[in-house]
Each structure stands twice: as structure tokens, then as C-alpha cells.
Amino acid sequence: MNHEVAVTGLGVVAPHGDEPGALFQVLLQGRSAIQPVFPELPKPAAAATVAFDETRWFTKLQLAGVDRVSQLAVAAADLAMRDAGLAVSDADPERVGVFSGCGMGGAAALEAAYRGNGRVSPLTIPAFMPNAPAAHVAMRQGVKGPVLTYSVACASSSVAIAEAAKAVQRGEVDIAIAGGSEALIVPGVVVAWQAMQTLAGFQPGEAAGAVKPFATDRSGFALGEGAAFLVLESAERARARGARSHATLAGWGLSSDATHLTKPDAPGQARALRAALRLAGLQPRDVGYCNAHGTATRIGDVVERNALADVWGDDLDTLRVSSTKALHGHMLGAAGAIEAIVTVMALQQRQLPPNANCREIDPECRLDLVTQDDTAAPSLEAAISNSFAFGGTNSVLLFRRA
């Protein structure tokens with residue numbers, strides 16, 4: 001039996017805060033959290049960082065060997081479970097799972113080891129291993145079912161959510177805590193991304209508006225950090241316990257380009273888009289909003305536009321599009337999860353976050369981009385969130401209004 005998958009909990013720890021409704025309102029206003037970081041670096045750098053008080057979640061003793069990436073995950077997962085009105089003890093702990101995405105693991109622990117002048121903490125390995133966030137969430141919540149980590153670059157948490165939905169749909173778990181975390185705003189990682197020439201350039205005082213998805217003058221993204229988790233359960237179970245459903249996760253699509261490690265491929269992305277629509281039983285015209293992957297890179301934005309045009313065809317003008325990475329940064333392993341939450345909030349409120357900083361759209365990126373003065377979507381019933389990763393993995397999540 002295939003169960004309908006309900007989203008009953010949302011939890012986020014992000015540069016704009018840790019309350020989904022407040023986060024969404026700030027995005028609607030087009031307020032950027034991107035700011036300069038590490039003035040000591042040879043080249044100017046900007047990122048979106050989280051003001052995080054770890055003492056809300058951990059004692060000093062508990063923090064030993066727990067990297068920031070795991071701290072953020074524990075907090076976001078706990079907030080999601082609270083939002084769902086759930087404790088693991090409400091179910092058989094062996095039928096609760098954690099499905100978590102993480103691209104790089106504990107970057108701060110690794111940076112400290114490299115810069116420690118020969119002094120390396122014996123807890124460095126458990127602190128930086130990519131599955132540490134999922135393990136810490138499981139220990140904090142008492143989860144005894146599957147605890148899995150998906151490391152698929154910037155599709156990591158979107159893939160994790162899709163895999164969690166499959167487990168709920170098939171009845172393999174009763175509750176899935178699904179999402180991801182990333183905390184890589186450290187000098188070594190920023191310099192490595194700068195070397196790839198994928199980060200946005202900016203003039204002094206202009207960091208907040210540096211990321212310009214689909215714009216003629218776009219030059220790349222800014223890194224972000226944070227964590228986001230969704231609680232998924234069957235619609236029947238949610239109804240039986242009187243839970244509120246934020247949305248239904250109606251479809252998901254996964255594909256591989258199998259062409260190039262870092263250059264995206266429109267046919268590969270189109271396969272994931274079609275798979276999500278097919279699973280949801282919807283036509284392209286039924287979907288009114290796309291939270292785009294939209295990294296503001298020269299190649300990536302054009303490829304994503306071409307994939308959407310291929311699938312939507314003559315109905316492309318009915319699809320409204322925005323990339324919120326311009327405001328909260330690119331969270332890599334957590335990107336798919338926070339953008340999934342933004343997509344769910346858009347459906348709930350029938351409002352769309354604007355595609356910020358795009359004064360002139362690139363003719364090769366012709367889409368119906370959401371503008372600051374036109375965010376209302378009164379008839380929105382279904383929306384998608386795209387995550388297209390280095391390595392060629394494409395993940396699309398399709399949500400329907402509850």
C-alpha cells in the first residue's frame with residue numbers, strides 16, 4: 001500500500017532566524033542575510049551566517065566533539081518535532097527514521113585540526129564525519145530505526161527528503177525526520193570555493209546584493225550555513241492523531257546527468273522534473289511555482305531555464321520562478337531542505353518570495369520571475385523545489401497544498 005505523505009513539522013535554523021513564518025516574511029520582503037566575512041583573506045568574501053546560541057540545546061559537557069554542523073542539525077530537528085507535536089516515544093522508536101543530507105561534514109573541526117600547530121583534538125574524526133549530524137539527531141531524539149546520511153553535494157537534503165518520503169509511502173517507517181545541515185563558513189572552505197570562481201564578486205558595501213539569479217550581470221553565489229528538517233508521516237497517521245498538515249509531498253524525481261562532474265545538463269534536470277510530475281499525477285500547467293536551484297552562475301541558470309522550458313513547453317509562462325539563494329546564501333547540503341520549507345510556506349500562504357537583485361533578466365534565462373511588487377499567488381495549488389548538484393545528481397520535490 002502506498003501512503004500519502006504529509007508534512008507535519010517544519011524546523012529551521014537559518015541566517016534569517018529559527019521560526020519558519022518569520023523567515024518567510026523576511027524573504028517576502030527581499031531582505032538579504034549575506035554580508036562580508038573574513039576580511040583577512042586576500043580576496044573579498046561574503047556569506048550568510050547563523051546567529052546561533054548553542055547553549056539553548058547543549059550543556060558545555062555535551063558540546064565536546066560536536067561540530068557546529070551537528071549542533072545546527074540537532075536544533076532544527078528538535079524544532080521540527082516540536083512543530084509536529086511529536087516525540088519519538090509517541091511511536092515505536094524502531095519505526096522512526098532520520099534521513100539527513102550533508103555535503104562537507106564538520107568543516108570547523110577540520111579547519112581547527114589544520115590550523116592547530118600540531119595539536120589535533122582526538123575528537124576531530126567523529127566531529128567532522130558527514131554522518132555525525134544524523135547520528136546526533138538520532139541520539140537526541142531516541143531514534144532507533146534507519147539513520148541515514150546522503151552526501152550528494154547541493155542536492156543532499158533534497159535527496160534525503162525524497163528517500164524519507166519513499167520510506168513513509170511504503171510503510172517502512174511511521175515518522176521520518178528528514179532534512180540536512182551545513183556549516184562550512186571557515187576560511188579554508190571559502191578560499192577553495194573562490195578558487196573555483198563560482199562565488200559572486202562585489203564592491204565594498206554591496207555584499208548583500210551580490211547574488212543575482214537569472215540576471216544579465218550575475219557572477220555566482222554566496223555560501224550560507226544552517227539546518228532545516230521536515231517531519232514526514234502518512235496522511236492517515238497525521239489525521240488519526242489530529243495533526244496539522246503543512247502540505248503534501250506528492251512527488252519527487254531523481255536523475256543523473258552522467259555527463260560532467262561540475263557542468264549541469266538540461267536533459268538530466270528535465271528527467272527529474274518529469275519524474276516528480278509523473279509520481280504526483282500532475283501536468284506541468286498544474287504547478288504554479290518553482291523555487292529554482294538558481295545559483296546565479298553563468299552556465300547553471302541557463303541550463304535550469306532550458307530544462308524548465310523543455311518540460312513546461314507552451315505552459316512555461318504559467319510557472320512563476322524565484323531563487324531564494326540570493327537572500328539566504330547557498331547552504332549546499334542544507335539547501336534542498338531550507339528551500340523545501342520555503343516552498344511549503346509559499347503554498348500555505350499563497351505568497352511567493354521574490355527573485356531578488358535581478359534588475360535585468362538575461363535573455364537566455366527568460367522566465368516569469370517573481371518580482372518584489374507581485375508576490376501574491378491566490379490560486380497556487382502545487383509547487384516544486386529544484387536541487388541540482390555537482391556530480392550530476394538532480395533532485396526535484398513537488399508539494400501540494402494541504
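In this predicted model, Asp-217 is partly exposed, with a relative accessible area of 36%. Two salt bridges involve this residue. In one of them, the side chain of Asp-217 meets that of Lys-212, with 3.2 Å from N to O. Lys-212 itself counts as buried, because its relative accessibility is 16% and the cut-off for buried is under 20%. In the other, Asp-217 pairs with Arg-359, and here the closest N and O atoms are 3.8 Å apart. This second pair ties together distant parts of the chain, the two residues being 142 residues apart. Asp-217 sits in the loop between helix 7 (187–196) and strand 7 (223–224), while Arg-359 belongs to the loop between helix 12 and strand 12. Arg-359 is exposed, at a relative accessible area of 70%. As general background, side chains of opposite charge can pair when their charged atoms come close.

Those two pairs are part of a bigger set, as the structure holds 20 salt bridges. Another one links Arg-241 to Glu-233, with the closest N and O atoms 2.6 Å apart. How buried or exposed are the two partners, Arg-241 and Glu-233? Arg-241 comes out as partly exposed at 29% relative accessibility, whereas Glu-233 is buried, with a value of 0%. Salt bridges can also share partners, and in this way Arg-218, Arg-298, Asp-301 and Asp-362 are joined into one network.

Two members of that network, Arg-298 and Asp-301, bring helix 10 into the picture, since this helix covers residues 298–312. Does its length fit its residue count, or is it off? At 1.5 Å a residue, its 15 residues should span 21 Å, and the end C-alpha atoms are 22 Å apart, so the two figures agree. Helix 10 is mostly covered, with eleven of its 15 residues buried. Among them are Gly-300, Asp-301, Glu-304, Arg-305 and Trp-312, so charged side chains are on that list as well. What covers these buried residues includes helix 9, strand 10 (289–291), strand 11 (320–322) and strand 13 (382–388). Right after helix 10 comes Gly-313, with a positive phi near 55°.

Positive phi values turn up elsewhere too. Most residues other than glycine have a negative phi. Ala-258 goes the other way, with a phi near 55°. This alanine lies in the loop between strand 9 and helix 9 (266–280), and it counts as exposed because its relative accessibility is 71%. Arg-350 is another case, not a glycine but with a positive phi of about 50°. The loop that holds Arg-350 runs between helix 12 (335–349) and strand 12 (368–369). Unlike Ala-258, which is exposed, Arg-350 is partly exposed, with a relative accessible area of 22%.

Strand 9, which leads into the loop of Ala-258, covers residues 247–256. Eight of its ten residues are buried, so the strand is largely enclosed by the rest of the structure. Which strands pair with strand 9? One is strand 1 (residues 5–13), which pairs with strand 9 in the antiparallel sense over two bridges. In this pairing, Val-7 stands opposite Ala-247. Another is strand 14 (residues 393–401), which also runs antiparallel to strand 9 and is joined to it by nine bridges. Here Thr-248 has Arg-400 as its bridge partner. In general, strands of a sheet pair through backbone hydrogen bonds, either parallel or antiparallel.

A separate description fits strands 2, 3 and 7. These three strands form an open sheet in the order 2-3-7, with mixed pairing. Strand 2 (34–37) and strand 7 stand at the edges with a single partner strand each, so one side of each is left without a neighbour in the sheet. Strand 2 and strand 3 (residues 45–48) run antiparallel and are joined by four bridges. Within this pair, Val-37 stands opposite Ala-45.

Technical notes
Residues numbered from 1 in each chain as written. Predicted model: local features only at pLDDT ≥ 70, side-chain atom pairs only at ≥ 80, totals over all residues. Heavy atoms only, no water. Buried < 20%, exposed > 50% of the residue type's maximum accessible area, 1.4 Å probe, protein only. Pairing = 2+ DSSP bridges. Salt bridge = Lys/Arg side-chain N within 4 Å of Asp/Glu carboxyl O. Expected span 1.5 Å × (residues − 1). Contact = heavy atoms within 4.5 Å.
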